[in-house]
Amino acid sequence: MDTILVTGGAGFIGSAVVRQLVRDGKRVVNLDKLTYAGNPESLKTIAKATNHRLVEGDVLDGEMVLALLREERVEGIMHLAAESHVDRSIDGPGAFVETNVVGTFRLLDAALEYWRGLEGEQKQAFRFHHISTDEVFGDLPFDGSMFTEETPYAPSSPYSASKAASDHFVRAWHETYGLPVVLSNCSNNYGPYHFPEKLIPLVILNALEGKPLPVYGKGDNVRDWLYVQDHATALIKVLTQGAVGESYNIGGNQERTNLAVVEAICDALDERRPLESGGKRRHLITFVTDRPGHDRRYAIDASKIERELGWAPQESFDSGLAKTIDWYLDNEWWWGPIRSGNYAGERLGADKK
Ligand code: NAD
């Protein structure tokens with residue numbers, strides 16, 4: 001597979017996938033609406049690459065997508081474009097239904113028409129890879145249980161409900177029309193180029209500036225953290241080696257409470273950039289009213305992708321967090337302009353998406 005259409009490739013995970021594919025020598029057509037979450041600056045390291053084309057466009061525009069697939073003779077699609085922030089989905093669910101549900105439907109329809117026009121080996125090799133989240137499974141008790149690919153869907157937030165709906169449409173396009181799809185559901189990602197409204201980058205930057213670190217509830221919600229580069233590697237394996245019609249859970253096997261994450265960031269920054277006052281950053285933590293529908297615990301059983309596709313994460317939470325903190329300390333050019341907007345005042349304590 002040489003030519004791949006990536007949707008949402010100017011976002012956090014999409015840009016990591018695009019940078020990796022371009023380094024691997026693939027031709028990447030990157031379709032992104034460039035919403036507040038899409039940032040072409042995240043693609044600066046591949047700005048001169050001749051095998052990358054950034055197209056500003058909306059997945060809701062099925063005709064444009066179909067024309068692009070034909071023009072570029074695309075061999076596989078990785079669909080990452082989405083509205084991804086849970087707090088925003090609570091304040092305005094409509095955009096999540098539009099992009100995540102209707103947008104996925106339009107993309108599927110365009111992909112199906114395109115795929116039906118292919119022949120022979122090209123038709124055989126084509127894949128539609130839908131990238132989703134572990135949040136579609138709802139939440140887990142604090143008992144060591146984990147999400148498997150067979151866990152029933154039970155989404156709690158408008159975001160996870162919209163992603164669950166999109167997963168169902170993707171499966172239906174395979175079962176009903178035969179479109180060759182693969183799916184993956186991943187745990188919380190973190191790493192470089194993460195938009196600073198999400199927990200880890202927001203805590204890093206607020207803590208760096210000595211600002212308060214409000215945490216939802218008691219901070220005891222548990223997430224399973226995966227370094228974004230490990231996710232990008234897994235996604236490329238699922239696209240190229242995954243079995244048609246199958247889904248793969250992807251996780252880092254690194255469960256942490258939100259409070260433990262915030263404390264680890266405080267301690268790492270105290271070491272690297274001590275506060276002038278000599279105080280400890282853990283004192284900046286304040287507990288605020290919990291988010292409605294806040295899932296208690298997510299944990300991924302990633303044994304299927306390990307067993308069948310030979311993938312395992314390379315980073316532990318500690319090593320990945322150290323890399324992430326160092327990246328933010330070294331790359332103010334990327335986050336400075338975003339921070340000068342109005343994101344710093346938002347509540348912390350949940351996640352990503
Ligand atoms: P992100 O918000 O950083 O990026 C989303 C990208 O999609 C942006 O570049 C945005 O401009 C683009 N986009 C939004 N609406 C669009 C539209 N209508 N047409 C074209 N482009 C559009 O998100 P992310 O964190 O990189 O997540 C990428 C995907 O991975 C999402 O589907 C998300 O549900 C899934 N996911 C994310 C995580 C996580 O921890 N961040 C975990 C599991 C799964």
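**Helix H6**

In this predicted model, begin by selecting helix H6, residues 158-177, and colour its buried residues: Tyr159, Ser160, Ser162, Lys163, Ala164, Ser166, Asp167, Val170 and Trp173. Then display the elements against which these buried residues pack, namely helix H3 (86-91), helix H4 (94-116), strand S5 (127-133) and strand S6. The length of the helix may be checked in the viewer. At 1.5 Å a residue, its 20 residues should span 28 Å, and the end C-alpha atoms are 28 Å apart, so the expected and actual spans agree. Just after H6, select Gly178, which takes a positive phi of about 80 degrees.

Within H6, centre the view on Ser166. Is Ser166 buried or exposed? Its relative accessibility is 0%, and it therefore counts as buried, the limit being under 20%. Leaving aside residues up to four places away in sequence, Ser166 touches Asn100, Thr104 and His130.

**Strand S6**

Proceed to Val182, which lies in strand S6. Val182 is buried, with a relative accessible area of 0%. Show its surroundings: beyond residues up to four places away in sequence, Val182 touches Phe128, His129, His130, Val238, Leu239, Gly242, Ala243, Val244 and Glu246. For a distance across the structure, select Val182 together with Glu113; these two are 69 residues apart in sequence and 18 Å apart in space, C-alpha to C-alpha.

**The ligand**

Next, select the ligand and the residues around it. How many residues surround the ligand? There are 30, and the closest are Ile13, Asp32, Ser84, Tyr159 and Lys163. Of these, Tyr159 and Lys163 have already appeared among the buried residues of H6.

Three polar approaches to the ligand can be displayed as distances:

- Asp58: an N or O atom of its side chain is 2.8 Å from a nitrogen atom of the ligand.
- Val59: a backbone N or O atom lies 3.0 Å from a nitrogen atom of the ligand.
- Ser84: a polar side-chain atom lies 2.6 Å from an oxygen atom of the ligand.

Taken alone, the ligand exposes 840 Å², of which the protein buries 99%.

Remain at Ser84, which is located in the loop between S4 and H3. The side chain of Ser84 also makes a polar contact with the side chain of Lys198, at 3.0 Å. Ser84 and Lys33, 51 residues apart in sequence, are separated by 14 Å in space, C-alpha to C-alpha.

**Helix H1**

Ile13, listed with the residues closest to the ligand, leads to helix H1, residues 12-23. Of the 12 residues of H1, 11 are buried, so the helix is largely enclosed by the rest of the structure. The buried set consists of Phe12, Ile13, Gly14, Ser15, Ala16, Val17, Val18, Arg19, Gln20, Leu21 and Val22. Display their packing partners: S1, strand S2 (27-32), strand S3 (52-56), strand S4 (76-79), strand S7 (188-190) and H8. H1 should span 16 Å at 1.5 Å a residue, and its end C-alpha atoms are 17 Å apart, which agrees. After the helix comes Gly25, whose phi is positive, near 90 degrees.

**The nonpolar cores**

Nonpolar side chains tend to be buried together in soluble globular proteins. The largest nonpolar core here has 33 residues. To locate it, select Val6, Leu21, Met78, Leu235, Ile250 and Ile305, which have the most contacts inside it. At least two residues each come from strand S1 (3-7), helix H1 (12-23), strand S6 (181-186), helix H8 (228-241), strand S10 (247-250) and helix H10 (303-309). Zoom in on Val6: apart from residues up to four places away in sequence, Val6 touches Val18, Leu21, Val28, Val29, Asn30, Leu31, Met78 and Leu80. Then select Phe195, Ile204, Tyr227 and Ile325, which are among the 32 residues of a second, separate core.

**Two loop residues with positive phi**

Most residues other than glycine have a negative phi. Two residues to select here are Leu34 and Tyr193.

Leu34 is found in the loop between S2 and S3. Although not a glycine, Leu34 has a positive phi of about 55 degrees. Its relative accessibility is 24%, so Leu34 counts as partly exposed.

Tyr193 lies in the loop between S7 and helix H7 (199-208). Tyr193 likewise is not a glycine and has a positive phi, of about 65 degrees. With a relative accessibility of 9%, Tyr193 counts as buried.

Terms used. Residues are numbered from 1 along each chain as its sequence is written. This is a predicted model: local features need pLDDT of at least 70, side-chain atom pairs count only at pLDDT 80 or more; totals for chains, interfaces and linings use all residues. Side-chain values use heavy atoms; hydrogens and water are left out. A nonpolar core is a set of buried Ala, Val, Leu, Ile, Met, Phe, Trp, Tyr and Cys residues joined through side-chain atoms within 4.5 Å. Buried means under 20% relative accessible area, exposed over 50%, partly exposed in between (1.4 Å probe, protein chains only). Helices (H or I, at least four residues) and strands (E, at least two) are DSSP runs, numbered from the N terminus. Contact means heavy atoms within 4.5 Å. A residue is near a molecule or strand if one of its heavy atoms lies within 4 Å of it. A polar contact is a pair of N or O atoms within 3.5 Å; within protein, one must be able to donate a hydrogen and the other to accept it, and residues adjacent in sequence count only if both atoms are side-chain atoms. Accessible areas come from the Shrake-Rupley method with a 1.4 Å probe; for residues, only the protein chains shown count as cover. The expected span of a helix is 1.5 Å times one less than its number of residues.
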